[in-house]
Amino acid sequence: MKYTAEVEHMCPLAKAAYHGPAPIPEEGNWVQAKTMEDISGFTHGVGWCAPQQGACKLTLNVKNGVIEECLVETIGCSGMTHSAAMASEILIGKTIIEAMNTDLVCDAINTAMRELFLQIIYGRTQSAYSKDGLKVGASLEDLGKNLRSQVGTMFATRKTGPRYLEMAEGYVEKVAVDKDGAIIGYKTVNLGKLMDNIKAGMDAKEALEKARTQYGRVTEDQGMVKLIDPRKE
């Protein structure tokens, strides 16, 4: 350690009492975080790239400073899916300091990591008040049984109005409209269930039928309801 001449000639004074850092809530405990091993938590965050053409939702489960679990979900740019694949391999096993200073390939994923880092080190995690935190694998619950991201895709123009393309329930096949042209329901295909049925050996037509579901007023008197294909009509 090098000091300036001015500091070298100063007389030493006693340091006041040291009380340590303010405790933060971590997995049901109040922790005075001083080292990397003191940090634990499960949390989510969203990041975006510089041109803002895509975004990433990142979920991390940190135990004793080390990332034990990650879920990387991206939307927007086609290259982001490949970046997410690489990031999923990069993140696990790293400390949160390492992860913050590692190129996670995509700006959106890097930004999400920054946002999560701030949540985690300040004790603002989802598991802050959960005894022992969340088990590794908890992020899969966000995806549901078919392990697919919850995606909503809607398109609209002033001239033609809205088109529902994808809902949490799945791929939108038909949109139901009333006599005034207002949307009152939709029919969807759960793509996760569809693939599970096909993989189990079910005939494709039967698999498709069993994966179909609907929401809203789609079965009223057909004189009052019209079904349209939102991608063609």
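**Salt bridges, helix α5 and cysteines in a predicted model**

A salt bridge joins the side chains of R212 and E173, with an N to O distance of 2.7 Å. This pair connects distant parts of the chain, since R212 belongs to strand β10 (residues 212–216) and E173 to strand β8 (residues 170–177), 39 residues apart. R212 has a relative accessibility of 34% and counts as partly exposed. The model is predicted, and a search of the whole structure returns nine salt bridges.

A second bridge is formed by E166 and R148, whose closest N and O atoms are 3.9 Å apart. Here too the pair links distant parts of the chain: E166 is in strand β7 (residues 161–167), and R148 is in the loop between α4 (107–121) and β6 (153–157), 18 residues away. E166 is buried because its relative accessible area is 16%, under the 20% limit for that class. R148, at 38%, counts as partly exposed.

A further bridge lies within a helix. The side chains of D196 and K199 meet with an N to O distance of 3.7 Å. Both residues are in helix α5, three residues apart, which is about one turn of the helix. An α-helix has 3.6 residues a turn, so residues three or four places apart point the same way. D196 counts as partly exposed at 35% relative accessibility, whereas K199 is exposed, with a relative accessible area of 65%. Elsewhere, K57, E73 and D142 are joined into one network by salt bridges that share partners.

Helix α5 spans residues 191–199, and its residues G192, L194 and N197 are buried. The cover over the buried residues of α5 includes β9 (183–189) and α6 (204–210). At the start of α5, a side-chain oxygen of N190 comes to within 3.0 Å of the backbone nitrogen of G192. After α5 comes G201, which has a positive phi, near 100°.

Another acidic residue, E27, is placed in the loop between β1 (24–26) and β2 (29–31). E27 has 10% relative accessibility and therefore counts as buried. Its side chain makes a polar contact of 3.0 Å with the side chain of K63. Leaving aside residues up to four places away in sequence, E27 touches S40, G41, V62, K63, S127, A128, S130, K131, D132 and G133.

No disulfides are present: the structure holds zero. For C49, which is in no disulfide, the nearest cysteine sulfur is that of C106, at 6.1 Å. That distance of 6.1 Å for C49 can be set against the 2.5 Å within which two cysteine sulfur atoms count as a disulfide. C70 is likewise in no disulfide, and the nearest cysteine sulfur, that of C56, is 9.7 Å away. C49 counts as buried, at 9% relative accessibility. C70 also counts as buried, at 19%.

On the surface, M1, Y3, V7 and M10 form a nonpolar patch, with about 520 Å² of accessible area together. M1 is located in the segment before α1 (5–8). With a relative accessible area of 85%, M1 is exposed.

Technical notes. Residues are numbered from 1 along each chain as its sequence is written. This is a predicted model: local features need pLDDT of at least 70, side-chain atom pairs count only at pLDDT 80 or more; totals for chains, interfaces and linings use all residues. Side-chain values use heavy atoms; hydrogens and water are left out. Buried means under 20% relative accessible area, exposed over 50%, partly exposed in between (1.4 Å probe, protein chains only). Patches are made of residues with over 30% relative accessible area and no salt bridge: like charges are joined within 9 Å, nonpolar side chains (Val, Leu, Ile, Met, Phe, Trp, Tyr) within 5 Å. Accessible areas come from the Shrake-Rupley method with a 1.4 Å probe; for residues, only the protein chains shown count as cover. A salt bridge is a side-chain nitrogen of Lys or Arg within 4 Å of a carboxyl oxygen of Asp or Glu. Helices (H or I, at least four residues) and strands (E, at least two) are DSSP runs, numbered from the N terminus. A polar contact is a pair of N or O atoms within 3.5 Å; within protein, one must be able to donate a hydrogen and the other to accept it, and residues adjacent in sequence count only if both atoms are side-chain atoms. Contact means heavy atoms within 4.5 Å.
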